[in-house]
Amino acid sequence: MITVPLDPSGPSDPSDTRSQDVPDDDSEALRLRRSSRDAAQVPGRLAEFLAQVLPAGAEPEVAVEAGIDQNGMSSDTLICKVTWRECGAARTRRFVARVAPAEHDVPVFPNYRLDHQYAVMSAVAELTSVPVPPVRWMEPTGEVLGAPFFLMEHVEGRVPPDVLPYTLGSNWLFDGPPEAQRRLQEETVSVLAEVHGIPDAAERFAFLDEGRRGDTALRRHLDWCRRWYEYGAAGIGRSALVERAFTWLEANWPTEADRRDPVLLWGDARIGNVLYEDFRPVGVLDWEMTAVGPRELDLSWLVFAHRVFQHMAESAGLPGIAHLLREEDVLDAYARRTGIRVGADDLRWFHVYSAVMWCCVFLRTGARQLHFGEIARPPETEALFYHRALLERLLDDAGDGGGAEAAGTGDAAGTAEAAGDAAYGGATA
Ligand SMILES: Nc1ncnc2c1ncn2[C@@H]1O[C@H](COP(=O)(O)OP(=O)(O)O)[C@@H](O)[C@H]1O
Ligand SMILES: [Mg+2]
């Protein structure tokens, strides 16, 4: 998931959301995080766990290199160096433990299925050449670390930073030559193409729909998202803007996209979730939003996530990387790889939906900041949305009047659908 980008460009006016009495680092609020006493036990506990799953006589030792600091567990991703004995020789290797977030850390999602991530990462590794870090062992009970976790292999590479967003400059991606940035873009689209190409996704990954209501994959996805929004709203407040967007989404349902066979979705399909080496993906991470649904969901998320970061840069008076992940380039690359041409019109609905999901992320990261005393309660919920102007513009451009009359946009939806049909007419897959 995304870490909140604490940057000068947003939300709309950062001074609105900052407390006059932000507590010091050692405040009671910050001590609510997982304690250093618990964290100190992590290496020993992991070593005991590994002693059970490695061959007898392995005698593993664990050093946690990142994810734990003096205040406790600072992240749900722990990088560990493990030394053990195998065939009489000492072996050392880095593993990454992905730990399910604890309720008292104010998690982003209402329910967290680490087992689903593990199953999907295993399947993607087996069925495609997408470079998913090999997953090794799953601990589903929570008895070892207090929460379920799995261990995967550590992959060397660089991730475009979220904090501060890579569009603000001073990082390897921003400073990279345009042809390398282009390579990164093209090869990231290839990841989507391959994931989406896994046959029989609806049957194979039917378990991902567990607990979601609706008679199509997209309806079930929206059902999940609505509950995510309710969870966020309960934590920090309702948003009239998000509710306006939900109304628009229902009134302009993308029937054609919803009718096609759904695919496996990576979910949080952002370049910020990829380890790159030489501007090529070497580790495709973060499968916590994986689902089954229309391919447009991933395509939109990839493009829209960059728009959010680009918007942050431009709001701060910076150029950003305007030539990266442009919609037409992503859709062209996708068509070259899959034979399936998704048109810009097909993505319009999905961009509104992506924007709503970004709101859900910011509701939860806002609730967490509020809980830990990092911000004061915002004067209006929308002040939490770094991309607020993007969502408002999308709805305005879509002809949404901003009220109940929003439902009267059936013609626009029909036109978009017709354009979608034409675009798919050229599909070869
Ligand atoms: N298998 C891995 N190998 C190396 N680094 C990893 C691996 N998995 C995660 N990381 C590091 O942890 C960070 C967060 O991982 P990610 O899966 O995106 O989790 P989150 O849900 O916290 O966003 C990554 O940006 C990367 O730096
Ligand atoms: Mg991530």
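This text describes a sheet with the helices that lie across it, and then a pair of packed helices, in a predicted model.

The sheet is open and consists of 5 strands, arranged in the order E1-E4-E5-E7-E6 with antiparallel pairing. Its edges are formed by strand E1 (61–66) and strand E6 (135–139), each of which pairs on one side only. On average, neighbouring strands of this sheet are turned by 30° against each other, direction ignored. Within the sheet, strand E5 (residues 89–99) and strand E7 (residues 149–153) run antiparallel and are joined by 5 bridges. Arg-98 stands opposite Phe-150 in E7.

Two helices lie across strands of this group. Helix H4 (residues 42–53) lies across E1, strand E4 (77–86), E5 and E6, and runs at about 130° to E1. Helix H5 (residues 114–127) lies across E5, E6 and E7, and its direction is at about 160° to E6.

The second part concerns a helix pair. Two packed helices are described by the angle between their axes and the distance between the axes. For helix H10 (residues 240–251) and helix H14 (residues 344–371), the axes come within 10 Å and cross at roughly 150°. Because angles over 145 degrees count as roughly antiparallel, H10 is roughly antiparallel to H14. The crossing in which H10 passes H14 is left-handed.

The residues that meet can be named on both sides. H10 contributes Val-242, Ala-245, Phe-246, Trp-248 and Leu-249, which meet Trp-349, Val-352, Tyr-353, Ala-355, Val-356 and Cys-359 in H14. By class, this contact of H10 with H14 has 11 nonpolar residues, with no polar and no charged ones.

Conventions. Residues numbered from 1 in each chain as written. Chains lettered and ligands numbered in written order. Predicted model: local features only at pLDDT ≥ 70, side-chain atom pairs only at ≥ 80, totals over all residues. Axes fitted to C-alpha atoms, helices over the stretch in contact; angles between N-to-C directions. Helix = DSSP H or I, 4+ residues; strand = E, 2+ residues; numbered from the N terminus. Parallel < 35°, antiparallel > 145°, perpendicular 65-115°, else oblique. Left-handed = near helix turned anticlockwise from the far one by under 90°. Contact = placed C-beta atoms within 7 Å. Nonpolar A, V, L, I, M, F, W, Y, C, P; charged D, E, K, R; others polar. Pairing = 2+ DSSP bridges.
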